[in-house]
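Here's a quick briefing to read with the model open beside you. It goes topic by topic, so feel free to jump around.

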Amino acid sequence: MKYKIMNQYYTHQKYLIEVLNSLDYTKKVKILEFGSGEGSSSIFNEYAKKENVEIQCFEHDSSWMNEMESKYSLKNYTFNQVDWENFDYTDLKKHKYELIFVDQGDWDARINTIDELRNNSKYIILHDYCYYNGFRGYSIPESDKEWALSIDKNSFFYEKYSNDFELISEHSLFPPTLIMKNKNL
């Protein structure tokens, strides 16, 4: 699939496609999507047309989920309505995944998803990671760029995840995307 950004905030698309293109589709490919949206669901719909692909999407907003499901659902790309506060990861932890895409609307749920499934996926892609470095906005002034985009030793992500993941910050486009490549799988 070629990369063509649909919207200025869908900055994760390029990196999502790069990871999806790197997967081996001659074997079963299991993918999870946390938070549906035009930027990710449109891409997952295309890859779900391949053989051996199974994608599950989890979304909390029922009307939004219904809209995304009506556009993108396939027999092997399913949508599930959830409540992030009470979401149970037990069944998902029984499986290994090639990719987990994290972009759900609840910021705390994003980190909880990563923490719960950190040992279950080769790749985790997190959209808008600068939020966890304390940045809340739509563009970064040059004076704040270094700390907002940091994944160095003093950053939230480095301290929490660098032992288990290679952390790749993709911030040539804003909002930034964090690719977490599992060192143990």
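Which residue of strand 2 stands opposite Phe 34? That would be Phe 58, and the two come back further down. This is a predicted model, where local features need pLDDT of at least 70 and side-chain atom pairs count only at pLDDT 80 or more, while totals for chains, interfaces and linings use all residues. Residues are numbered from 1 along each chain as its sequence is written, and side-chain values use heavy atoms, with hydrogens and water left out.

**The overall layout**

- The protein has six helices and seven strands, taken as DSSP runs numbered from the N terminus (helices are H or I with at least four residues, strands are E with at least two).
- Read from the N terminus, the elements go α-β-α-β-α-β-β-α-β-α-α-β-β.
- Of the 185 residues, 50% count as buried (buried is under 20% relative accessible area, exposed is over 50%, partly exposed is in between, with a 1.4 Å probe and protein chains only).
- Take the contacts (heavy atoms within 4.5 Å) with a separation of 6 or more: residues 24 or more positions apart account for 61% of them.

**Strand 2 and its partners**

- Strand 2 (residues 53–59) has six of its seven residues buried, so it is largely enclosed by the rest of the structure.
- On one pairing, strand 1 (residues 29–34) runs parallel to strand 2 over six bridges; strands pair here if DSSP finds at least two bridges between them.
- To get from strand 1 to strand 2, the chain goes through helix 2 (residues 38–47) in a right-handed β-α-β crossover (with the strands pointing away from the viewer, the path from the first strand over the helix to the second runs clockwise).
- Strand 2 also pairs with strand 3 (residues 77–81), in parallel and through five bridges, and Ile 55 has Tyr 77 of strand 3 as its bridge partner.
- The route from strand 2 to strand 3 passes through helix 3 (residues 62–72), and this β-α-β crossover is right-handed too.

**Aromatic rings**

- The count comes to 14 aromatic pairs, where rings of Phe, Tyr and Trp (its six-membered ring) pair if their centres lie within 6.5 Å, and planes under 30 degrees apart are stacked, over 60 edge-to-face and the rest tilted.
- Phe 34 and Phe 58 make a stacked pair, 5.1 Å centre to centre with 20° between the planes.
- That pair ties strand 1 to strand 2, with the two positions 24 residues apart in the chain, and both rings belong to buried residues.
- Phe 34 also pairs with Trp 84, this time tilted, at 6.1 Å centre to centre and 45° between the planes.
- Trp 84 lies in the loop between strand 3 and strand 4 (97–102), 50 residues from Phe 34.
- Phe 34 has a relative accessible area of 0%, and Trp 84, at 9%, counts as buried as well.
- Phe 34, Phe 58, Trp 84, Phe 87 and Tyr 89 form one aromatic cluster.

**Gln 104 and helix 4**

- Gln 104 is found in the loop between strand 4 and helix 4, and is buried at 0% relative accessible area.
- Its contacts, leaving aside neighbours within four places in sequence, are Phe 34, Gly 35, Trp 84, Ala 109, Arg 110 and Thr 113.
- The Gln 104 side chain reaches the backbone oxygen of Ala 109 at 3.2 Å.
- At the start of helix 4 (residues 107–117), a side-chain oxygen of Asp 106 comes to within 2.9 Å of the backbone nitrogen of Asp 108.
- The buried residues of helix 4 include Ile 111, Ile 114 and Leu 117, and the buried set packs against strand 1, strand 4, strand 5 (121–127), helix 6 (156–161) and strand 7 (177–182).

**Around Tyr 25**

- Tyr 25 belongs to the loop between helix 1 (13–22) and strand 1, and counts as buried at 16% relative accessibility.
- The charged end of Lys 50 sits over the Tyr 25 ring, 4.9 Å from its centre (the rule is NZ of Lys or CZ of Arg within 6 Å of the ring centre and within 35 degrees of the ring normal).
- The side chain of Tyr 25 reaches the backbone oxygen of Leu 20 at 2.7 Å.
- Tyr 25 and Val 53 are 28 residues apart along the chain, yet their C-alpha atoms are separated by 7.3 Å.

How values were computed. A polar contact is a pair of N or O atoms within 3.5 Å; within protein, one must be able to donate a hydrogen and the other to accept it, and residues adjacent in sequence count only if both atoms are side-chain atoms.
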